[in-house]
Amino acid sequence: MSDVELVLRSTRVVTPEGTRAASVAVAGGTITAVLVHDADVPAGARLEDLGDDVLLPGLVDTHVHVNDPGRTEWEGFWTATRAAAAGGITTIVDMPLNSLPPTTTAENLRTKQEVARTKAHIDVGFWGGALPDNLKDLRPLHDAGVFGFKAFLSPSGVDEFPELDQEQLGRSLAEIAGFGGLLIVHAEDPHQLAAAPQQSGGRYADFLASRPKDAENRAVENLIAQAKRLHARVHVLHLSSSDALPLIATAKREGVRVTVESCPHFLTLTAEEVPDGATEFKCCPPIREASNQDALWAGLADGTIDCIVSDHSPSTKDLKTDDFATAWGGISSLQLGLPAIWTEARRRGHTLEDVVRWMAAGPAELAGLSQKGAIQAGRDADFAVLAPDETFTVDPAELHHRNQVTAYAGRTLHGVVTSTWLRGERILAGSEFTEPRGRLLTRHP
Ligand SMILES: [Zn+2]
């Protein structure tokens with residue numbers, strides 16, 4: 001083992017065994033030991049005493065639309081990974097759509113990796129995409145290291161990424177299960193959506209009625225049935241409808257291999273407070289009522305929901321028109337997920353240990369990132385340092401996202417990220433970034 005180079009000391013270190021005063025030893029970019037607070041600092045090692053600021057594992061966000069190359073004016077690896085670092089995130093997994101090309105062949109994956117390589121301030125992995133016509137590309141993508149495959153059941157919003165019908169879903173899922181892969185699904189049923197009232201304009205209530213809970217519930221039900229039939233592993237993306245939680249809980253109890261994520265906007269914003277015309281709040285599935293949000297928090301508390309990820313899906317300002325029917329659907333929150341969730345979690349009596357379980361350990365486990373997501377000997381020395389009681393008011397101009405459009409503007413949030421560390425190097429201190437030193441990650445064989 002190489003010699004200890006760095007010791008991070010804090011009165012509050014969040015480890016899988018709980019929060020305690022500790023000194024974390026780092027060598028060669030890896031955590032070598034979690035020691036008592038006043039442990040001797042080995043000769044030649046640098047001590048970084050964080051005082052009472054909390055040392056968290058770097059967060060893992062497995063749901064980010066970077067859109068690079070092709071729609072780089074919406075976001076890009078340079079801006080997305082800086083925003084993520086500023087939000088305490090040290091690993092993202094990029095979604096396969098909204099970039100051109102989409103990540104639907106091994107060659108397209110290589111194109112995206114080349115673009116990301118020199119711009120990544122944090123570690124970046126990739127999901128592949130399952131389309132109606134790329135069955136033959138799934139195995140090569142898996143072998144090239146994607147973490148799993150994303151599919152839509154209803155229109156995705158971009159023409160180059162069409163949805164699967166139930167038969168195509170079954171075929172793709174059988175193929176993916178054949179090599180032990182993971183299918184992650186945007187679960188809204190197209191028939192339920194088609195049956196819902198479609199009203200254009202700026203009223204949020206009309207938009208909400210056009211994306212009913214039943215569409216999510218039916219899609220989740222069908223997905224669970226397919227997973228059960230094929231003994232396949234599936235993951236429900238961005239769950240908004242709390243009515244689907246009992247279905248998922250039952251399936252988990254029965255041994256179906258299903259996991260589920262929700263997002264900061266479903267857990268911290270409510271339909272009741274969305275101003276008419278405010279399409280920075282538009283996403284699919286939609287932000288629902290406060291009562292639905294309470295039930296989602298109960299699903300987090302009882303373990304039905306496995307993780308919280310951003311679904312950061314930005315666009316340029318001009319695509320956020322004041323018509324909910326046609327405005328781009330996606331919420332920008334990469335930099336704000338941790339303080340948004342921490343603010344609401346603490347109000348509801350949860351701890352930073354819970355937040356770490358939902359935003360670091362949970363997503364790392366979903367993607368099989370065994371070197372990420374916890375402060376533990378043997379894992380990467382990735383950290384977020386948080387002043388949990390400090391507050392700030394969200395000023396869009398201070399966000400590192402390419403486009404300063406956000407549903408969180410003007411909100412006062414708890415939790416200021418004071419520094420972010422990647423493999424033992426401080427990559428962000430205050431507002432100063434180092435040169436990019438992120439790595440491209442591939443699924444462990
Ligand atoms: Zn998404």
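What should the 16 residues of helix α12 (residues 352-367) span at 1.5 Å a residue, and how far apart are its end C-alpha atoms? The model examined here is a predicted one. At a rise of 1.5 Å a residue, α12 should span 22 Å, and its end C-alpha atoms are indeed 22 Å apart, so expectation and model agree. The helix nevertheless carries a kink of about 35° at Ala361, shortly before the proline Pro363. Most of α12 is covered, with 13 of its 16 residues buried. After the helix comes Gly368, a residue with a positive phi, near 70°.

The protein as a whole contains 12 helices and 18 strands. Its radius of gyration is 21 Å, close to the 22 Å that the globule rule gives for 445 residues, and the protein is therefore as compact as a globular protein of that length. The C-alpha trace spans about 70 × 45 × 45 Å along the principal axes. Of the 445 residues, 54% are buried.

An open sheet is formed by 6 strands, in the order β9-β10-β11-β12-β13-β14, with parallel pairing. The edges of this sheet are occupied by β9 (128-129) and β14 (307-308); each has a single partner strand, so one side of each is left without a neighbour in the sheet. In general, the strands of a sheet pair through backbone hydrogen bonds, in either a parallel or an antiparallel manner.

Within the sheet, the pairings of strand β12 (residues 233-236) can be described residue by residue. Strand β11 (residues 182-186) runs parallel to β12 and is joined to it by 4 bridges. Here, Val185 stands opposite Val236 of β12. Strand β12 is also joined to strand β13 (residues 258-262), by 3 bridges, and these two strands likewise run parallel. Val236 has Val260 as its bridge partner in β13, while Val234 is partnered in β13 by Val258. Between β12 and β13 the chain passes through helix α8 (residues 245-253), and this β-α-β crossover is right-handed.

With regard to annotation, an unreviewed UniProt entry lists residues 54-425 as "domain: Amidohydrolase-related". In the predicted model, this span is 34% helix and 17% strand, and the C-alpha atoms at its ends lie 17 Å apart.

Notes
Residues are numbered from 1 along each chain as its sequence is written. This is a predicted model: local features need pLDDT of at least 70, side-chain atom pairs count only at pLDDT 80 or more; totals for chains, interfaces and linings use all residues. The expected span of a helix is 1.5 Å times one less than its number of residues. The bend at a residue is the angle between axes fitted to the seven residues ending there and the seven starting there. A residue is buried if 20 or more other C-beta atoms lie within 10 Å of its own, exposed if 12 or fewer, and partly exposed in between; C-beta atoms are placed from the backbone. UniProt positions are given in the numbering used here, feature names are shortened, and annotations may be inferred rather than shown by experiment. Two strands pair if DSSP finds at least two bridges between them. A crossover is right-handed if, with the strands pointing away from the viewer, the path from the first strand over the helix to the second runs clockwise. The radius of gyration is taken over C-alpha atoms; the globule rule is 2.2 Å times the number of residues to the power 0.38.
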